[in-house]
Amino acid sequence: MEIDITLNGDDVTFEIARSDTLLDVLRDNGYTGAKRGCDTGNCGFCTVIVDGDPVKSCIRPVSQLAGTEVETIESLGTQDDLGPVQSAFVDNSALQCGFCIPGMIMRSKALLEENPDPDEADIRDALSENLCRCTGYEKIIDAVQDASTRMSGEADVAADGGRVSTDATCHGCDCLEGGSDK
């Protein structure tokens with residue numbers, strides 16, 4: 001059977017079996033950002049956004065998604081041009097092995113679209129359905145807070161995705177780009 005969805009802003013048609021999950025269809029069609037972890041909906045590695053809500057794609061039957069809008073991490077940015085949530089995760093060292101990060105980023109994006117200024121408790125609650133086996137979650141929380149600032153336009157972001165220094169001791173040299181202060 002066929003299913004029509006909007007995937008990352010593009011109208012697409014996929015050939016599916018009734019038993020296919022959204023994760024199966026995404027990965028079979030080259031969208032490998034969502035990771036296969038537990039296949040039970042417990043880890044959140046496979047999280048994508050469906051009609052604005054974070055969804056664990058490993059347990060969502062794709063046959064129920066006709067006409068929906070699905071967003072995967074592939075839509076957020078490229079290696080050379082990261083989106084604000086992605087760059088905040090990188091700049092805050094909020095990743096180690098990286099396996100859970102696509103799901104964390106998608107859930108963080110959904111949170112920030114719903115609540116542009118979450119406090120730590122809001123972030124912890126929103127990310128509670130996603131597991132990370134490598135970090136202590138602190139850097140992830142820092143990254144979401146940083147992304148909130150970036151998305152609101154309150155933080156200046158340098159061309160490399162890092163923050164622009166507003167330190168009064170900066171002399172305009174290249175120290176922020178790996179050089180030494182004069």
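**A negative surface patch and its setting**

Strand S1 (2-7) and strand S2 (10-15) each contribute at least two residues to the negative patch. The model examined here is a predicted one, and this patch makes a convenient starting point for a walk through it. Its members are Glu2, Asp4, Asp10, Asp11, Glu15, Asp51, Asp53, Glu69 and Glu114, which together form a region of negative charge on the surface. Strand S2 provides the largest share, with 3 residues.

Aspartate 51 deserves a closer look among these members. This residue sits in the loop that links strand S3 (47-50) to strand S4 (53-56). Its relative accessible area is 47%, so aspartate 51 is partly exposed. Membership of a patch calls for a relative accessible area over 30% and for the absence of a salt bridge; with its value of 47%, aspartate 51 therefore passes the first of these two conditions.

Turning to the chain as a whole, the secondary structure comprises 5 helices and 5 strands. Their order along the sequence reads β-β-α-β-β-β-α-α-α-α. In other words, the pattern opens with two strands and closes with four helices in a row.

Burial and packing complete the picture. The protein chain has 182 residues, of which 42% count as buried. Among its contacts with a separation of 6 or more, 52% involve residues 24 or more positions apart. On the outside, the protein chain exposes about 9,800 Å², and 43% of this area is supplied by carbon and sulfur atoms.

How values were computed: Residues are numbered from 1 along each chain as its sequence is written. This is a predicted model: local features need pLDDT of at least 70, side-chain atom pairs count only at pLDDT 80 or more; totals for chains, interfaces and linings use all residues. Side-chain values use heavy atoms; hydrogens and water are left out. Buried means under 20% relative accessible area, exposed over 50%, partly exposed in between (1.4 Å probe, protein chains only). Contact means heavy atoms within 4.5 Å. Accessible areas come from the Shrake-Rupley method with a 1.4 Å probe; for residues, only the protein chains shown count as cover. Patches are made of residues with over 30% relative accessible area and no salt bridge: like charges are joined within 9 Å, nonpolar side chains (Val, Leu, Ile, Met, Phe, Trp, Tyr) within 5 Å. A salt bridge is a side-chain nitrogen of Lys or Arg within 4 Å of a carboxyl oxygen of Asp or Glu. Lys and Arg count as positive and Asp and Glu as negative; His and the chain ends are not counted. The place of a charge is taken as NZ of Lys, CZ of Arg, CG of Asp or CD of Glu.
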